[in-house]
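Biologist: I should be grateful for a close look at one part of this structure, namely a pair of packed helices and what surrounds it. Please treat the matter in one connected account.

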Amino acid sequence: ALVVARSERIRCLAILSSFLLSLFDRSRRFQDELLASALELLLVAPLAFVREGTKLERMAGAIELALGMGHTYQPLASAAVAALERLNNSMSSAFRPHLASLLQRLHGYLTVTSEASGQTGTLRRERDARRHTSKADRRALVNSARNRLRRSAEDLLQQRILALLGSVGG
């Protein structure tokens, strides 16, 4: 049973590897949402796939592209940072040559400042204002709340990047 499970796993990895290689090649022609989705899939590829041949170099290219696009689509930036963390933790010596170019891409994420520190009392004012608001004012409050959530996601991403830089000695 163990031999069958192992051979089945190898066969599944071969099929998945073939698909992921094809996706790497085809993703060069993709744009916008399709490219972002392809990159998100590639960034979570199994480590067994990444370890084979020149795929680590391709993965570094995908991370670099994702970090470039991640400024406008935060989930892609988060996926790229997760891939960086995973590869650095499990393949640090093989991945080290790619780190220099990838770590430079993180600078833009660290220079974004959060406005949350200047928001003292905003939540209370918004809560009080909800009691006596028009439809347009409510819409403005909802947009303000969305902006706060976006900023907190940026703050979490910055914390992850700082932890990653600390782990590689950057």
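Modeller: In this predicted model, helix H4 passes helix H6 in a right-handed crossing. H4 comprises residues 55-69, and H6 comprises residues 92-105. The two pack at an angle of about 15 degrees, and their axes are 10 Å apart. Angles under 35 degrees count as roughly parallel, and H4 and H6 are therefore roughly parallel to each other.

On the H4 side, the contact is made by Leu-56, Glu-57, Ala-60, Ile-63, Glu-64, Leu-67 and Gly-68. H6 contributes Ala-94, Phe-95, His-98, Ser-101, Leu-102 and Arg-105. Sorted by class, the residues of this contact are 7 nonpolar, 3 polar and 3 charged. As background to such a pattern, an α-helix has 3.6 residues a turn, so residues three or four places apart point the same way.

Within this contact, His-98 deserves particular attention. His-98 is placed in H6 and touches Leu-56, Glu-57 and Ala-60, when residues up to four places away in sequence are not counted. Its relative accessibility is 18%, and because buried means under 20%, His-98 counts as buried.

A second helix pair may be set beside this one. Helix H2, residues 32-43, packs with helix H5, residues 74-90, at an angle of about 20 degrees, with 9 Å between their axes. H2 and H5 are therefore also roughly parallel to each other, but their crossing is left-handed. From H2, Ala-36, Leu-39, Glu-40 and Leu-43 take part, and they meet Pro-75, Leu-76, Ala-79, Ala-80, Ala-83 and Arg-86 of H5. This contact comprises 8 nonpolar residues, no polar ones and 2 charged ones.

H5 itself can be described further. Its 17 residues should span 24 Å at 1.5 Å a residue, and the C-alpha atoms at its ends are indeed 24 Å apart, so the two values agree. Buried residues of H5 include Leu-76, Ala-79, Ala-80 and Ala-83, each of which also meets H2. Ala-77, Val-81, Leu-84, Leu-87 and Asn-88 are among the other buried residues of H5.

In H2, one residue calls for a remark on its backbone. Asp-32 lies in this helix, and its phi is near 50 degrees, a positive value in a residue other than glycine. With a relative accessibility of 53%, Asp-32 counts as exposed, since that term applies over 50%. His-98 in H6, by contrast, is buried.

Notes: Residues numbered from 1 in each chain as written. Predicted model: local features only at pLDDT ≥ 70, side-chain atom pairs only at ≥ 80, totals over all residues. Heavy atoms only, no water. Axes fitted to C-alpha atoms, helices over the stretch in contact; angles between N-to-C directions. Helix = DSSP H or I, 4+ residues; strand = E, 2+ residues; numbered from the N terminus. Parallel < 35°, antiparallel > 145°, perpendicular 65-115°, else oblique. Left-handed = near helix turned anticlockwise from the far one by under 90°. Contact = heavy atoms within 4.5 Å. Nonpolar A, V, L, I, M, F, W, Y, C, P; charged D, E, K, R; others polar. Expected span 1.5 Å × (residues − 1). Buried < 20%, exposed > 50% of the residue type's maximum accessible area, 1.4 Å probe, protein only.
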